[in-house]
Amino acid sequence: MPPPHRRRPGPFSLLLSLLLSLLLLAPASSGFYLPGVAPTDYAAGDKVPLYVNHLTPTLSKEDQRLHSLLSYDYYLPQLHFCQPSDGPHDVQESLGSILFGDRIKTSPFDIRMARNETCKVLCESVTYPAEDAYYVNRMIERNYNFNWLIDGLPAATVGTDKDDQKFQLYSVGFPLGKVVQEKNSRLQMLNNHYDIIIDYHVLNRGGGVSKVGDGGKDTRHRVVGVEVQPRSIHAIITHDADGNPIGDCTTNQTPLHLDDDRDTTSQEHEHTSETTTTTAFTYSVYWRASSTPWATRWDKYLHVRDTHIHWYFLINSTIIVIFLTGSVGMVLLRALRKDIARYNQLDLTEEDVQEDSGWKLVHGDVFRPPSNPMLLSVFLGSGAQLFVMTGFTIIFALLGFLSPSNRGSLGTVMVILYTLLGFIGGYVSARMYKAWSGENWKRNILLTPLLVPSIVFLAFILINFFLVFEQSSGAVPFTTILALVGIWFVISVPLSIAGSWVGFKKESFASPVRTNQIPRQIPPGPWWLKRRVMYVVGGALPFGALLVEMHLIMGSIWFHKVYYMFGFLFICYGIMIATTSTTTILLVYHLLCSENYHWPWCAFLTAGSTALYIATYAVFFWLGNLNMGGMASNVVYLGYSAIIAFLAFVLTGTIGWFACWIFVRRIYASIKID
């Protein structure tokens, strides 16, 4: 079998592609359709291309667990799938699509609009050696799925809702095979015949809906649904007078098992002979007229129906969080009003002042530079960059610009935004470092665009190494990695340096009160203001706001499901910001009342402790939903979970720190200092 042709775009073309991707966000010139999702019209008999994507693992029906996280190229040599006559070619993909593991290629399927085909031969003789048969059978055991694309729609398996048998659910992908239990043995059956059922919507040239079956020259057809029903059979192949293969998919329905020369009662793999299995691959195409309009064709994939349960949990969580946040805010405001009124009394005696206690006593130290101001300022700059990027990404998705039809658009936009927002990161870092009288400004300029991205990049390279070793299609190509490095150093680093230059040129923030030359001694505080206790308490409430969406997001990442509830995510993001700010302010206020003025790092770490809860949830998700034997899958999961937790730490820490910074400046600007 000839090896597949790889024609990956070079790093410079990827760089140019990313820069021009912003133009794709402009509205399409025809109609009202969002970018990247304009409909494609076909006349009867036009070829409708079928693209193949990587094979991905899915949940086991036996234990409802995922047994692998590694995806594999469709044309992996061990799989021996049929290839086009001129070899498979790569389909142009966005940067986000490549980073998320898509490897879309052409296929030998010949599908014509509105033309049914029965038992068409894809390739008539494919031989599996025992070693390759064992490889395929192991993938069937791990519940791998095919992922095909027709007109941008993923081929799906259709099931029914357990609560409403009339409601059909489209699950992206369809199984590579199935496992049959026979007495004391388990046999893996490879699906080698595919019944492709395509729903199409008919319109006339004027834009109106034509009658079903109308095939006039002014008729246009649009694909609105793709279902695949795979089967495992022994197809009988004959030839006509011209030598063309003719398939018979009904005579012999015996399932196909690839003989891997292994004892079916044992999991050990031992070769005893040069056993091979020869089979054919066939497919049928059935076109089905549908009244579903093109604009709503994704609804069946997104399961857009009764979301009242989701709303119930979200509203319930929102009410609890708002109630707690409001209670904290009211208590804090009442205490502050009382304190400020008492401190600002003009008739306080000297004895009253000496006996006074609370946050006013540390006014001469509260704006003292923190320990390691360089690291804190760099974290704050990167966190501000993440904060703005996350907000814009959610808003773009909420407005519908990141359609699931435009594969990889979410990842592409995130990379673009974080790259272009380097100016904000540099500016914020420089302003804060200058406010703390930092002198090593050159190091600050360099560390701001390099520290956090370097940590993420090194973890990403380590994970990618394991994927390359396992020959997984999830491994990011070297050219894409070069493109990312080039984008970072050509665009983001200069923007960050420019932001730092502007920030250092600005006047330093003036403190509302003077800082004493001699630091004040800090008395012992209560146990509940110990840092470890504050870290545990500080992250609980913000994580409660995110918990509603965590399961859906984790399922989208690891179970290859389409996430679309950006409206819910937008609400959760806003609640998380409010709860992080309020909780951190409350804890810092009590810290100052205990005459402890070391609040900057305490505020950042307390708010950032939300990441500990995210990491803990990821561990429980790993134990409860995954059962992976290989080291590579576990490294991939734990590695990406660590990256997500680290970025959440920087993001939430920055939110809490700036909330406390504004709060501290306001309260000390409100009192009279002699």
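**Close-up 1. The C119–C249 disulfide is right-handed, because the torsion about its S-S bond is about 75°.** C119 lies in strand 3 and C249 in the loop between strand 15 (245–248) and strand 16 (276–289), so the bond ties together parts of the chain 130 residues apart in sequence. The S to S distance is 1.7 Å; a disulfide here is a pair of cysteine sulfur atoms within 2.5 Å. Both C119 and C249 are buried, where buried means under 20% relative accessible area, exposed over 50% and partly exposed in between, with a 1.4 Å probe and protein chains only. Helices (H or I, at least four residues) and strands (E, at least two) are DSSP runs, numbered from the N terminus.

A word on the model before we go on: this is a predicted structure, in which local features need pLDDT of at least 70 and side-chain atom pairs count only at pLDDT 80 or more, while totals for chains, interfaces and linings use all residues. Residues are numbered from 1 along each chain as its sequence is written, and side-chain values use heavy atoms, with hydrogens and water left out.

**Close-up 2. The C82–C123 disulfide is left-handed, because its S-S torsion is about -45°.** Here the sulfur atoms are 1.6 Å apart. The bond links distant parts of the chain: C82 sits in the loop between strand 2 and helix 2 (95–99), and C123 in strand 3 (residues 117–129), 41 residues away. C82 counts as buried because its relative accessibility is 6%, and C123 is buried too, with a relative accessible area of 18%. How many disulfides does a search of the whole structure find? It finds 2, and with the bonded cysteines numbered in sequence order, the pairing is 1-3, 2-4.

**Close-up 3. C660 takes part in no disulfide.** The nearest cysteine sulfur belongs to C602 and is 8.5 Å away. C660 counts as buried because its relative accessibility is 0%. For another buried cysteine, visit C572, at 0% relative accessibility.

**Close-up 4. Strands 2, 4 and 9 make an open antiparallel sheet in the order 2-4-9.** Two strands pair if DSSP finds at least two bridges between them. The edges are strand 2 (56–57) and strand 9 (174–175), each pairing on one side only. Strand 4 (residues 144–146) meets strand 9 over 2 antiparallel bridges, and N145 has P175 as its bridge partner in strand 9.

**Close-up 5. Another open sheet of 3 strands has the order 1-5-6, again with antiparallel pairing.** Strand 1 (50–52) and strand 6 (153–154) each have a single partner, so one side of each is left without a neighbour in the sheet. Strand 5 (residues 148–150) and strand 6 are joined by 2 bridges; across from L149 in strand 6 you will find P154.

**Close-up 6. W657 and F658 form an edge-to-face aromatic pair.** Their ring centres are 5.1 Å apart and their planes meet at 85°. Rings of Phe, Tyr and Trp (its six-membered ring) pair if their centres lie within 6.5 Å; planes under 30 degrees apart count as stacked, over 60 as edge-to-face and the rest as tilted. By this rule the structure has 45 aromatic pairs. W657 is buried, with a relative accessible area of 1%.
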